[in-house]
Amino acid sequence: AVLRNTPELWDVVTERDEIVLRHLKDVRTQYIDGREGRSEPQDCDYLLAPRERNFSLTLEFGENPFFAPGEQTVSFRWPKGQLEVSAVPVKWNAGKRITVRKRDAPEGGGAPLRFRPSLFLLFEASAGGKGSKLGLLEAEEKLTIGNMFKNTVLPRVADLYAQDPENDGVEDDEEGEDDALEDTDEEDEDEEEDGSDSDDSDDSDDDMAAKVEKAHNKRKKGTGMMDRVFGKGRDPCVMFVMFIMAMNIIIVPISYFMNL
């Protein structure tokens with residue numbers, strides 16, 4: 001409910017994520033630079049560079065069919081001024097990994113061929129080199145998400161929860177989660193079939209090209225004005241127009257001489 005009412009996260013949290021997040025029990029952030037609660041002057045230098053305060057984002061899950069219950073934490077640190085993101089990967093149950101399409105998950109548990117958009121990419125390796133082509137998140141993208149939780153979601157969690165019209169105090173029905181995931185997988189397959197759809201469109205383009213060529217050949221065989229008047233493809237409308245024009249050619253000179 002909270003994430004659904006946070007516009008900043010609408011492009012981050014997918015429908016598949018929402019199904020898993022039904023089992024979310026707690027979200028929290030924590031500064032991990034040892035400065036919180038201290039008052040020594042040297043411990044206030046983070047005010048000069050608040051972006052570089054080390055912190056962690058923790059999502060705590062209850063019992064669920066996707067992975068073992070417990071905490072999933074991602075940490076943001078700036079050793080020597082360079083952003084470093086670290087996290088323990090989610091240990092997905094067999095067939096439940098929502099960050100990878102089935103066709104991109106090699107048999108035998110090898111490295112995925114490609115990842116798909118998901119909030120849970122926070123806990124995958126950061127993109128580097130070919131990582132961005134695989135669909136992984138850059139470290140800066142992960143930091144942006146972490147800051148959304150730290151600065152936007154958690155300070156307003158009560159208001160965001162109250163804004164949800166679907167919040168009736170009743171927990172979501174967990175039955176049918178597999179069906180819901182299958183639906184989203186089918187949507188992905190439909191997207192993947194866009195390639196085959198493009199093939200169909202190529203066929204339709206070929207049909208259109210054939211029609212154009214046929215019309216062109218028909219014109220070349222002689223379907224011009226003369227053919228439409230005197231040829232086999234005589235057009236009554238064209239013949240009538242030609243008759244009127246001929247009559248005008250005859251009548252106008254006659255009228256002129258009669259008026260002399």
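**Fold, sheet and aromatic contacts of the predicted model**

Of the 260 residues of the protein chain, 29% count as buried. The model is predicted, not experimental in origin. The protein chain exposes about 17,500 Å². Carbon and sulfur atoms supply 53% of that area. Contacts were also sorted by separation along the sequence. Among those between residues at least 6 apart, 55% join residues at least 24 apart.

The protein chain has seven helices and four strands. Along the sequence, these elements follow the pattern α-β-β-β-β-α-α-α-α-α-α. One helix thus precedes the four strands, and six helices follow them, as the pattern shows.

The four strands form an open sheet. Their order is 1-2-3-4, and the pairing is antiparallel. Strand 1 (24–31) and strand 4 (84–87) are the edge strands, each pairing on one side only. On average, neighbouring strands of the sheet are turned by 15° against each other, direction ignored. Strand 2 covers residues 55–61, and strand 3 covers residues 70–77. These two strands run antiparallel and are joined by seven bridges. Within this pairing, T58 stands opposite T73 in strand 3. Helix 2 (residues 139–153) lies across strand 1, strand 2, strand 3 and strand 4. The helix runs at about 70° to strand 2.

Aromatic contacts were examined next. The structure holds seven aromatic pairs. One of them is F55 with F76. The ring centres of F55 and F76 are 4.8 Å apart. Their planes meet at 25°, so the pair is stacked; the cut-off for stacking is under 30 degrees. F55 lies in strand 2 and F76 in strand 3. The pair therefore ties together parts that are 21 residues apart in sequence. F55 has 2% relative accessibility and counts as buried. F76, at 0%, also counts as buried. Both values fall in the buried class because that class means under 20% relative accessible area.

A second pair is formed by F61 and F120. The centres of these two rings lie 5.9 Å apart. Their planes are at 35°, so the pair is tilted. F61 belongs to strand 2, whereas F120 lies in the loop between strand 4 and helix 2. The pair therefore ties together parts that are 59 residues apart in sequence. F61 is buried, and so is F120. F61 and F120 also belong to one aromatic cluster, together with F67, W92 and F123.

Charged side chains sit over rings at two further sites, Y31 and F66. R53 lies over the face of Y31, at 3.8 Å from the ring centre. Y31 is also the last residue of strand 1 (24–31), an edge strand of the sheet. At F66, the charged end of K96 sits over the ring, 5.9 Å from its centre.

A94 was examined in relation to F66. A94 is placed in the loop between strand 4 and helix 2, the loop that also holds F120. With a relative accessible area of 76%, A94 is exposed; exposed means over 50%. A94 and F66 are 28 residues apart along the chain. Their C-alpha atoms are separated by 8.3 Å.

Terms used. Residues are numbered from 1 along each chain as its sequence is written. This is a predicted model: local features need pLDDT of at least 70, side-chain atom pairs count only at pLDDT 80 or more; totals for chains, interfaces and linings use all residues. Side-chain values use heavy atoms; hydrogens and water are left out. Two strands pair if DSSP finds at least two bridges between them. Axes are lines fitted to C-alpha atoms, for helices over the stretch in contact, and angles run from 0 to 180 degrees between N-to-C directions. Contact means heavy atoms within 4.5 Å. Buried means under 20% relative accessible area, exposed over 50%, partly exposed in between (1.4 Å probe, protein chains only). Accessible areas come from the Shrake-Rupley method with a 1.4 Å probe; for residues, only the protein chains shown count as cover. Rings of Phe, Tyr and Trp (its six-membered ring) pair if their centres lie within 6.5 Å; planes under 30 degrees apart count as stacked, over 60 as edge-to-face and the rest as tilted. A charge sits over a ring if NZ of Lys or CZ of Arg is within 6 Å of the ring centre and within 35 degrees of the ring normal.
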